[in-house]
Amino acid sequence: MRNSWALLLVCASCVFAQPAASNDEPPEVARAKAGIEKLRSLVEAGALPRAQLEKAESAIADAEDAAVLRKTLYGTELTEDQAGDMLAAAKRRVDRRRDAYEDNKKLVDSGVASLLSLTQFLEDLDLAKKEYDLAESRARLTAELTRMAQAEEALDTRLAQQPDEAHDLADHYQGDGAFNMITFARVESDFEKRFGKSLPISAMGETAVHRSLGFDHRGRVDVAIHPDQPEGHWLLEYLVDHKIPYFAFRHAVPGKATGAHIHIGPMSTRLKLGG
């Protein structure tokens with residue numbers, strides 16, 4: 001019968017109750033840690049096999065990684081730095097489940113366990129792999145959003161220092177200077193009617209990436225379309241026809257291969273301290 005990590009830790013917490021963990025600690029981590037010190041003492045005293053302690057410690061590490069993924073992969077906010085932590089946590093969870101599968105496969109090969117007992121381990125491994133693929137996808141999107149935001153940061157700097165050369169980074173149309181989400185809803189609807197697909201929005205309003213760079217992106221929208229693509233040509237003409245302001249980025253900052261996008265609305269402003 002399979003020895004579940006969760007069951008092991010639940011039993012440990014029941015037998016060796018400890019004081020409640022800090023309120024700042026994720027609940028799954030607190031549950032995994034309950035009773036671990038007493039368990040460690042018993043192992044050191046020879047009353048329990050070390051394998052039980054190792055499983056308990058692994059369960060704690062897995063719970064900590066699950067907390068990281070809940071905040072990043074399944075959260076609404078993500079910066080490029082956090083994306084690295086997310087990928088590392090997802091990779092460790094894949095490795096643990098692969099190790100668990102290999103360990104139990106050895107038991108099957110030696111005749112100690114049935115082949116059917118591997119089913120749950122395979123399902124756990126498959127789920128962890130899918131979770132890692134999802135993390136990779138979100139990390140790529142976050143990296144691209146970061147490059148888009150960096151392009152806007154570079155434009156802001158160029159406008160302040162070398163306004164005559166700012167057009168090297170982006171084409172700019174002032175329009176009537178007005179833009180709101182009601183107007184943007186019409187842009188979305190007309191784009192979908194024209195191309196039969198949704199407008200590829202990369203940033204709707206403020207994001208953690210923009211805040212990390214010190215930009216107030218509220219009331220602006222970034223669209224992941226290269227201005228020179230057919231969809232880009234259509235969108236720029238549409239925005240001009242409707243007097244909607246935009247910045248069309250064909251390149252990101254020097255040395256970056258991507259970051260091209262169309263920023264709809266006025267240029268993002270710098271965040272003020274305390275604002």
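In strand β6 (residues 261-264), His 261 is the bridge partner of Phe 249. Helices and strands here are DSSP runs, with H or I over at least four residues for a helix and E over at least two for a strand, numbered from the N terminus. The model is a predicted one, so local features need pLDDT of at least 70 and side-chain atom pairs count only at pLDDT 80 or more, while totals for chains, interfaces and linings use all residues. Residue numbers start from 1 along each chain as its sequence is written, and side-chain values use heavy atoms, with hydrogens and water left out.

The Phe 249–His 261 pair belongs to an antiparallel match between β5 and β6, which is held over four bridges. In that match, Phe 247 sits opposite His 263 of β6. Strands are taken as paired if DSSP finds at least two bridges between them. Strand β5 (residues 246-249) sends Tyr 246 and Ala 248 one way and Phe 247 and Phe 249 the other, and all of these are buried. Buried is used for under 20% relative accessible area, exposed for over 50% and partly exposed for anything in between, with a 1.4 Å probe and protein chains only. Strand β6 follows suit: His 261 and His 263 point one way, Ile 262 and Ile 264 point the other way, and all are buried. In a regular strand, side chains alternate between the two faces of the sheet.

What order do the five strands of the open sheet take? They run β1-β5-β6-β4-β2, and the pairing is antiparallel. At the edges are β1 and β2 (201-204), each of which pairs on one side only. Direction ignored, neighbouring strands of this sheet are turned by 15 degrees against each other on average. On one side of the sheet order, strand β1 (residues 170-173) is joined to β5 by four bridges, again antiparallel, and Asp 171 stands opposite Ala 248. Moving to β4 (residues 221-223), three bridges tie this strand to β6 in the antiparallel sense, with Val 223 partnered by Ile 262. Three bridges also join β2 to β4, antiparallel once more, and here Ile 201 is the residue opposite Val 223.

Two helices pack on this sheet. Helix α7 touches β2, β4 and β6, and its direction makes about 170 degrees with that of β2. Helix α9 touches β1, β4, β5 and β6, at about 20 degrees to the direction of β6. Contact means heavy atoms within 4.5 Å.

These two helices also meet each other. The axes of α7 (residues 181-195) and α9 (residues 230-241) come within 11 Å and cross at roughly 140 degrees, which makes α7 oblique to α9. Axes are lines fitted to C-alpha atoms, for helices over the stretch in contact, and angles run from 0 to 180 degrees between N-to-C directions. Under 35 degrees counts as roughly parallel, over 145 as roughly antiparallel, 65 to 115 as roughly perpendicular, and the rest as oblique. The crossing of α7 and α9 is right-handed; that label applies if the near helix is turned clockwise from the far one by less than a right angle, and left-handed if anticlockwise. On the α7 side the contact involves Arg 186, Val 187, Asp 190, Phe 191, Arg 194 and Phe 195, which meet Pro 230, Glu 231, Trp 234, Leu 235, Tyr 238 and Leu 239 of α9. By class, this contact has eight nonpolar, no polar and four charged residues. Nonpolar covers Ala, Val, Leu, Ile, Met, Phe, Trp, Tyr, Cys and Pro, charged covers Asp, Glu, Lys and Arg, and the others, Gly among them, are polar.

Another helix pair is α5 (residues 80-109) with α6 (residues 118-161), whose axes come within 9 Å and cross at roughly 165 degrees. That angle makes α5 roughly antiparallel to α6, and the crossing is left-handed. The contact has 17 nonpolar, three polar and 11 charged residues.

Two loop residues round off the picture. Lys 243, in the loop between α9 and β5, has a positive phi of about 55 degrees although it is not a glycine. Lys 243 counts as partly exposed because its relative accessibility is 49%. Gly 265 lies in the loop between β6 and β7 (269-270) and counts as buried, at 0% relative accessibility. Leaving aside neighbours within four places in sequence, Gly 265 is in contact with Phe 179, Arg 220, Pro 245, Tyr 246 and Phe 247. Gly 265 and His 217 are 48 residues apart in sequence and 9.6 Å apart in space, C-alpha to C-alpha.
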